[in-house]
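Welcome, and thanks for taking a look at this one. Please load the model below and follow along through a helix pair, two loop residues and the chain as a whole.

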Amino acid sequence: MTTAASVEAAGEAGDAAGNRAGSSPYALSHLDALESEAVHIFREVAGEFERPVILFSGGKDSIVMLHLALKAFAPAAVPFSLLHVDTGHNFPEVIEYRDRVVAEHRLRLHVASVQDYIDRGALKERPDGTRNPLQTLPLTEKIAAERFDAVFGGGRRDEEKARAKERVFSLRDEFSQWDPRRQRPELWQLYNGRHAPGEHVRVFPLSNWTELDVWQYIARERIALPDIYFAHERPVFRRSGMWLTAGDWGGPKDGEDVETRLVRYRTVGDMSCTGAVDSDATTLEAVIAEIAASRLTERGATRADDKLSEAAMEDRKREGYF
């Protein structure tokens, strides 16, 4: 359980990790430098684009993005709305967190519902039960309908090789498709937001962060997270080397036994493809220590949708996925 004392201790650990800036009084710590770059990107987008939106799933990366956006424009309100692609198979704790944060900061939330598309026959359920690949159509149609011209995403280059190829400003064509050959150079943090009518730009302020940076920043800034990021007892079953949560999405199947284990989540997505890891890390401090010792990326360890093929993420990005 995350207690006030443990949050305080982790915050001090984050301070220590993030403030060893060398002998110069003007040098930035690595967390200060990452924060400064992200704040600059948020302000650059506010100056260059007319209708930006932040993708917000209630996961740690989008939570950090929102925290940075709040800092970038304080004491004014964030000049962007939020967009969540709701698969209908989300973790209840994450949806509760999303709604609480939206109300707390008086933000406008757009929701693109996968279930609505299934109900009217525009999408069909997959045999494997996962809805992550079904998010692309609701996302791209919502972007077009609302005429969003800049879409913030929480992707980081350390997550997966296709994401490592993306620039901070990543151009999408009129069909929301990504073409790696149209990537633009970003020398000296100069970002090119030029786009034709119907096109838009995906923006990744956390591109240069690692998973460990994110956790150290959460500790330093004392940012609250959904409880599923910390170790807790949960009924789960084993599939393809991951512990999945049972639910209406179709798991477990015959031969898959449910057992209660002490687990936590490193990433948040559709319940059908997001696996938990065995862990006893109940505090921020313990999570940071666990991540520092891990040799597997969070997506490599816990996301079944990235294991569908060698180029699964790149294929989905070309189709308009995050």
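## A pair of crossing helices

Let's start with helix α3 (residues 60-73) and helix α8 (residues 211-221), whose axes come within 11 Å and cross at roughly 55°. Because the angle is roughly 55°, α3 counts as oblique to α8. The crossing of α3 past α8 is left-handed. Do keep in mind that this is a predicted model.

Which residues make the contact between α3 and α8? On the α3 side they are Lys60, Asp61, Val64, His67, Leu68 and Lys71, and α8 contributes Glu211, Val214, Trp215, Tyr217, Ile218 and Glu221. By residue class, this contact of α3 with α8 comprises six nonpolar, five charged and one polar.

## Ser272 and its surroundings

Next, have a look at the loop between β9 (259-264) and β10 (277-278), where Ser272 lies. Is Ser272 buried or exposed? Its relative accessibility is 6%, so Ser272 counts as buried, the cut-off being under 20%.

The side chain of Ser272 has a polar contact, at 3.1 Å, with the side chain of Thr130. Setting aside residues up to four places away in sequence, Ser272 touches Gly129, Thr130, Arg131, Leu244 and Trp249. Thr130 therefore appears both as the polar partner of Ser272 and among the residues that Ser272 touches.

## Tyr191 and its surroundings

Another loop residue to visit is Tyr191, found between β5 (169-172) and β6 (200-203). Tyr191 has a relative accessible area of 10% and is therefore buried.

Which residues does Tyr191 contact, leaving aside its neighbours within four places in sequence? They are Glu37, His40, Ile41, Glu44, Glu48, Val168, Phe169 and Glu186. You can also check a distance here: Tyr191 and Arg167 are 24 residues apart in sequence, and their C-alpha to C-alpha separation in space is 9.2 Å.

## The chain as a whole

Zooming out, the secondary structure of the protein chain consists of 11 helices and 10 strands. The protein chain has 322 residues, of which 55% count as buried; Ser272 and Tyr191 are buried residues too.

How much of the contact in the protein chain with a separation of 6 or more comes from residues 24 or more positions apart? Such residues account for 72% of those contacts.

Methods. Residues numbered from 1 in each chain as written. Predicted model: local features only at pLDDT ≥ 70, side-chain atom pairs only at ≥ 80, totals over all residues. Heavy atoms only, no water. Axes fitted to C-alpha atoms, helices over the stretch in contact; angles between N-to-C directions. Helix = DSSP H or I, 4+ residues; strand = E, 2+ residues; numbered from the N terminus. Parallel < 35°, antiparallel > 145°, perpendicular 65-115°, else oblique. Left-handed = near helix turned anticlockwise from the far one by under 90°. Contact = heavy atoms within 4.5 Å. Nonpolar A, V, L, I, M, F, W, Y, C, P; charged D, E, K, R; others polar. Buried < 20%, exposed > 50% of the residue type's maximum accessible area, 1.4 Å probe, protein only. Polar contact = N/O pair within 3.5 Å; in protein donor to acceptor, adjacent residues only side chain to side chain.
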